[in-house]
Amino acid sequence: MKKFVVFALVSAMLIVGISAFAQEFTNIFPPVSNVKYGGTLRVVTTWGPVAFNLNPFQPSGQSLGMGPVMYGTLFLVQPYNGAMTPFFGTNYEWSNNNLVLTVTIRQGLKWSDGQPFTPEDVAFTFNYLKKYPALDTNGIWSSISNLQSVAASGDNVIFTFSKPNTPLLIQIAQIPIVPEHIWSSITDPTKFLNQDPVVAGPFLYVKGSYNSANYTFELVKNPNFFMNTPEFGNRPFIDKIEVRSLIGGQPLQYLLKGDADWSYYGSGIDPYTLWYNKNPATNKFWWPTSNANILYLNTQKYPFNNVAFRKAISMAIDRKALEDKAYFGTGGYDQSPTGIIPAQQKEWLDPTLTELASQLNSFNIPEAQKILAAAGFTKNAQGQLCGPDGKPLPTFKILVGAGWGDFITMAQIISSDLAQLGISTVTDQEPWDTYISSVMTGTYEMVISWETGSGPSPYYLYYYEFNPAFSATTIGQNASSGWSRYTNPLITDALQTYAQTSDLSLQKQAIATIERIVLQDVPFVVLTNRTDFMEYSERTFVGWPSAENPYAGAGNIDWSDALAIVLNVHLK
């Protein structure tokens with residue numbers, strides 16, 4: 001499945017504003033006729049257990065994660081090419097040498113309690129993130145964002161910068177907007193469960209529907225939603241969504257039995273054999289490559305703070321075996337140790353780094369052993385790898401999500417590979433809530449996860465992986481992304497250079513600088529390309545994104561992509 005990323009075009013759009021918003025809107029929300037309305041969309045996720053928390057600023061795993069389909073954002077961002085579609089915002093424009101961003105807010109919007117949705121609500125939301133930095137997981141107000149102020153002015157919201165930072169528009173576009181008349185009285189939003197939310201998006205939480213025994217809950221169509229009018233086809237077309245969050249369960253069982261319509265699950269399954277081939281007419285999947293799977297090494301713990309040790313681990317892993325056994329070849333074999341996804345490699349990889357990247361990505365046990373020996377790591381008579389102090393290294397844990405077959409498979413292969421170096425490891429399975437807590441607080445040693453950033457250029461990957469605002473300096477301190485806890489002032493400078501220029505050649509130089517540092521210091525180990533894992537049934541509903549119609553990413557119900565999906569899916 002191919003993704004086309006035309007960043008030069010996207011960059012130009014970010015500078016001059018969008019002149020083709022009407023066309024973009026119809027691309028994602030095409031005019032419809034003879035649509036069959038109604039029905040209950042049944043969704044199964046694998047994030048259980050989940051707490052009864054509807055705070056849109058809390059990450060999934062700490063909340064039900066329904067912010068995208070309940071609250072809505074200024075614009076919808078297509079994850080694979082950066083195309084933006086108007087939503088609560090109808091237009092934007094950069095001015096004053098890209099120091100001022102003006103976003104025009106749609107008129108006539110209402111909150112679910114009937115109160116008007118205003119530009120003041122939008123300005124309040126962004127200033128609320130500034131007041132409570134723990135909520136600012138997208139780095140809107142980070143130390144390198146250069147954002148100075150956000151204020152309402154008539155029908156507009158004005159974002160003023162101290163230095164240009166046009167890429168931040170992608171993050172600004174996707175912040176869930178909350179009502180000032182509710183949230184202004186919330187003095188500790190980090191603990192606010194928001195169990196009776198007031199929203200402006202397409203769906204409302206059904207009060208009392210959360211079932212703590214099996215982690216299920218319900219959403220219903222919002223009668224005050226702005227697209228619920230003939231002008232927009234009376235979207236959403238469906239009336240209700242039922243969500244079930246499994247604890248390491250097999251969502252395909254629900255799909256195959258006809259008890260679910262939509263799932264996000266790729267943990268070690270062959271989508272053709274176990275799903276599609278059962279009934280090709282209705283059993284569909286959308287697995288585009290959007291990211292990479294990463295072996296994060298906790299750089300705040302010994303020996304993972306040793307560059308040579310990290311490099312040796314990378315060279316000792318058989319990536320072809322990982323792809324073949326975990327994903328059945330669906331993700332391809334063109335992963336890059338820089339973390340840059342295949343669709344962006346031709347445009348963004350520095351060709352002078354090809355040899356260095358090839359060495360790091362090779363499966364070469366003898367060379368890995370040489371690197372370790374040169375750094376003072378040697379095997380003892382029992383075959384255990386010992387540090388420069390002569391002491392055997394302990395058995396390390398490779399953290400994975402409980403029941404995640406793909407990650408478990410990869411952990412087993414990595415354990416076998418590292419054993420050839422004398423490194424002993426065990427697979428540590430944890431349910432989602434404890435898994436993500438271990439990752440974010442840095443209590444893990446090694447963990448298999450995904451890149452924490454993605455977007456229409458490698459900037460967004462590196463912005464989230466290496467921005468000091470997202471990292472942490474001590475074990476136990478929360479890191480919202482950049483889970484290797486590696487930062488580098490040269491990378492920070494390169495990120496700022498990229499953000500402050502619209503010159504594509506200078507942006508490429510900045511990215512090349514980061515690529516070289518990543519290859520030299522190995523802050524993370526790229527394992528495989530990561531495809532998104534969306535399975536869906538056309539037994540009852542149609543209108544899903546696909547390779548033929550990639551209007552949205554292969555998202556889960558709690559992803560930003562879900563907003564476009566739930567507004568297009570309808571009864572067959």
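# A walk through the model, starting at a proline

Select P236, which is found in the loop between strand 9 (216–221) and strand 10 (240–245). Keep in mind as you go that this is a predicted model. Now look one step back along the chain: the peptide bond from R235 to P236 is cis, with omega near -5°.

There's another one to visit. Jump to P303, in the loop between strand 13 (289–297) and helix 9. Here the cis peptide bond runs from Y302 to P303, and its omega is near 0°.

**Stop two: the open sheet**

Strands 9 and 10 are a good way into the next stop. Which strands sit beside them? Show the sheet and read across: 7 strands form it, in the order 8-9-10-1-11-20-12. It's an open sheet, and the pairing is mixed. Now colour strand 8 (203–205) and strand 12 (283–286), which stand at the edges. Each has a single partner strand, so one side of each is left without a neighbour in the sheet. Turn the view and you can follow the twist, which averages 25° from one strand to the next.

Stay at the strand 12 edge. What is its partner? Strand 12 is joined by 4 bridges to strand 20 (residues 534–537), and the two run antiparallel. To see one spot along that pairing, select F285, which stands opposite E535 in strand 20. While you look at strands like these, remember that in a regular strand the side chains alternate between the two faces of the sheet.

From here, select S546, found in the loop between strand 21 and helix 19. Is S546 buried or exposed? At 12% relative accessibility, it counts as buried, because the cut-off for that is under 20%. Leaving aside neighbours within four places in sequence, S546 is in contact with W286 and Y536.

**Stop three: aromatic rings**

Time to colour the aromatics. A search of the whole structure finds 53 aromatic pairs. A pair of aromatic rings is described by the distance of the centres and the angle of the planes. Try W262 and W544: their rings are 5.6 Å apart centre to centre, with 75° between the planes, which makes the pair edge-to-face. W262 lies in strand 11 (residues 262–264) and W544 in the loop between strand 21 (541–542) and helix 19 (562–566), so the pair ties together parts that are 282 residues apart in sequence. Both W262 and W544 are buried.

Next, pick Y272 and Y276. They form an edge-to-face pair too, at 6.1 Å centre to centre and with 80° between the planes. With 42% relative accessibility, Y272 counts as partly exposed. Y276, at 28%, counts as partly exposed as well.

For a group view, select Y296, W404, F407, W432, Y435, W450, Y462, F466, W483, Y486 and F524 together: they form one aromatic cluster.

**Stop four: two helices crossing**

Two packed helices are described by the angle between their axes and the distance between the axes. Show helix 9 (residues 307–315) and helix 18 (residues 504–521), whose axes come within 8 Å and cross at roughly 90°. Helix 9 and helix 18 are therefore roughly perpendicular to each other. To see who touches whom, select V307, R310 and K311 on helix 9, then L519, Q520 and D521 on helix 18. The residues of this contact divide into 2 nonpolar, 1 polar and 3 charged.

**Stop five: a hairpin and some positive phi angles**

Head to strand 4 (residues 89–95) and strand 5 (residues 100–105), which pair in the antiparallel sense over 6 bridges. Find Y92 and look across to V103 in strand 5, which stands opposite. The two strands form a hairpin with 4 residues between them, and N96 in the turn has a positive phi of about 50°.

Now select N146, in the loop between helix 4 (119–131) and strand 6 (147–153). N146 has a positive phi of about 70° although it is not a glycine. At 12% relative accessibility, N146 counts as buried.

Where does the tour end? Select R485, in the loop between helix 16 (458–466) and helix 17 (489–499). R485 isn't a glycine, yet its phi is positive, at about 60°. With 5% relative accessibility, R485 counts as buried.

Definitions and conventions. Residues numbered from 1 in each chain as written. Heavy atoms only, no water. Pairing = 2+ DSSP bridges. Axes fitted to C-alpha atoms, helices over the stretch in contact; angles between N-to-C directions. Parallel < 35°, antiparallel > 145°, perpendicular 65-115°, else oblique. Contact = heavy atoms within 4.5 Å. Nonpolar A, V, L, I, M, F, W, Y, C, P; charged D, E, K, R; others polar. Phe/Tyr/Trp six-rings, centres within 6.5 Å; stacked < 30°, edge-to-face > 60°. Buried < 20%, exposed > 50% of the residue type's maximum accessible area, 1.4 Å probe, protein only.
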